[in-house]
Amino acid sequence: MKNHTMNDDNSTPAAINEAAYSEILQQAVAEIRVARTLLARQVNSTANSVYWKLGKLLFDKQLAEGYGSSVVKQLSVDLKNEFPDMGLSPRNLWNMKRFYERYYQEDTKLLQAVAVLPWGHNLLLLDKIQSPDEARFYANEVLTKGWSRDLLLNAIKMDSYSRAEQQLKFHNFSSTLPEASADYANEVFKSSYNLGFLGITEPVKELELENRLIAKIRAFILELGKGFSFIGNQYRLEYNGKEYFVDMLFFHRGLRSLVAIELKIGSFKAEYVGKMNLYLSLLDKLEKSETENQSIGIILCADKDHLDVEIALQDINKPIGVAEYQLLLPKEELQTLVLNEMKSELGLNGLNDDRISRAE
């Protein structure tokens, strides 16, 4: 058995190539960063726990500014003599009371989020944010993205919460995926995609749009973002003697999920959600491996209305998002041209219901 101990002699270790060393370095850096993050959270959690208990003490004793000021001032003096490095000024003691008052009746998830924030971040949230949902949003953003206090302030000034809420109306990830996966999926998928690289200058039908995307699949994957791998188009699923075809099927490495994309040349319709829900059920049953997460569906339309999307997704238990695409032609002009052509062709040729459904 080999003895894996450090050599005391001056022997030179076996040389490793640059790629192998780079991998070792990256793993070492990652381990240190994780450890530092965990340590910082433990330190913050311990400090905030003390602040929480001091705030509760002031709250329970019903101390308020005015008649309670002299008590808090004396308490600050005595505590600072005992603990000079803890930041126990009168102002900070009042902040601890505010901290307790703001959150003691809130849900566990919000409490867990603010408990591990740096105190300066918590003070900023106390000063700038009133809504519990909004506080939780910003706290989670700080934790997942490592925002400094200045970055948090900028995000609040830009009203990042409202913009994120607007995007959330176009999918149901928060109610159908675990919290971490939902947050990640929200970052991965956009509410709008630019397909101008297709160079479309005349009306096209869905199948033609799909074929053009397949012909320029690399450009489409770049527009989708990092982590997507293309599996196939018109991907065949067979169940109970029936065949179903998914317009485009991808796999996302980070999400560890199959991603089905359905293309629609017109505006969003509620029935598209039911069809996608069926496809996702079949993908999870027939294609998903045990190591993969549940499949995700994206309905790509020329236009969407957030109220229509919201009501259509309300009782759906599969993760589905609705996004719109943009072409070189204005959407309104493209839709008018396409629909006029379809009406003319469908009226002349007398297509059956399946063909009409596919055209829509």
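Here is a walk through this predicted model, from the whole chain down to a few individual residues.

Let's start with the overall layout. The protein chain holds 16 helices and 6 strands, and 37% of its 360 residues count as buried. If you take the contacts between residues at least 6 apart in sequence, 64% of them join residues at least 24 apart. The accessible surface comes to about 21,400 Å², and carbon and sulfur atoms account for 51% of that.

Before zooming in, a word on confidence. The mean pLDDT of the chain is 79, with 77% of residues reaching 70 or more. Among the elements, helix 13 has the highest mean, 96, while helix 16 (residues 353-359) has the lowest, 33. Both ends of the chain deserve some caution. Residues 1-13 have pLDDT below 50, and beyond near neighbours in sequence this stretch has 0 contacts in the model. Residues 348-360 are also below 50, but there the model shows 16 such contacts. Where pLDDT is low, the predicted coordinates should not be read in detail.

Now for the interior. The largest nonpolar core has 33 residues, and those with the most contacts inside it are L93, Y103, L125, Y138 and L152. Helices 1 through 8 each give two or more residues to this core. Y103 is a handy place to look around: leaving out residues up to four places away in sequence, it touches W52, L110, L111, V114, L125, L126 and A135. A second, separate core has 29 residues, including A185, L195, F220 and A302.

Two of the residues that Y103 touches, L125 and L126, are among the buried residues of helix 5. That helix is mostly covered, with 7 of its 10 residues buried. The others on the buried list are W119, H121, N122, L123 and L124.

W119 also turns up around M96, a residue of helix 3. M96 counts as buried because its relative accessibility is 0%. Setting aside neighbours within four places in sequence, M96 is in contact with Y51, L54, G55, G87, L88 and W119. Of these, G55 sits 41 residues away along the chain, yet its C-alpha atom is 4.4 Å from that of M96.

Further along the chain, helix 14 (residues 306-313) has one covered side and one open side. Which of its residues are buried? They are V309, A312 and L313. These three cover an arc of only 90° around the axis, so they lie on the same side of helix 14. An α-helix has 3.6 residues a turn, so residues three or four places apart point the same way. What covers the buried residues includes helix 13 (271-286) and strand 6 (320-326). On the other side of helix 14, L307 and I311 are exposed.

The start of helix 14 is worth a look too. D305 caps the N-terminal end, with a side-chain oxygen 3.0 Å from the backbone nitrogen of L307. K304 lies in the loop between strand 5 (296-301) and helix 14. Is this lysine's residue K304 buried or exposed? K304 is buried, because its relative accessible area is 14%, under the 20% cut-off. Apart from neighbours within four places in sequence, K304 is in contact with F170, S191, F268, V309, V322, A323 and E324. One of these, V309, is also among the buried residues of helix 14.

Notes: Residues are numbered from 1 along each chain as its sequence is written. This is a predicted model: local features need pLDDT of at least 70, side-chain atom pairs count only at pLDDT 80 or more; totals for chains, interfaces and linings use all residues. Side-chain values use heavy atoms; hydrogens and water are left out. Buried means under 20% relative accessible area, exposed over 50%, partly exposed in between (1.4 Å probe, protein chains only). Helices (H or I, at least four residues) and strands (E, at least two) are DSSP runs, numbered from the N terminus. The arc is that of the directions from the helix axis to the C-beta atoms. Contact means heavy atoms within 4.5 Å. A polar contact is a pair of N or O atoms within 3.5 Å; within protein, one must be able to donate a hydrogen and the other to accept it, and residues adjacent in sequence count only if both atoms are side-chain atoms. Accessible areas come from the Shrake-Rupley method with a 1.4 Å probe; for residues, only the protein chains shown count as cover. A nonpolar core is a set of buried Ala, Val, Leu, Ile, Met, Phe, Trp, Tyr and Cys residues joined through side-chain atoms within 4.5 Å. pLDDT is the predictor's confidence in each residue, from 0 to 100.
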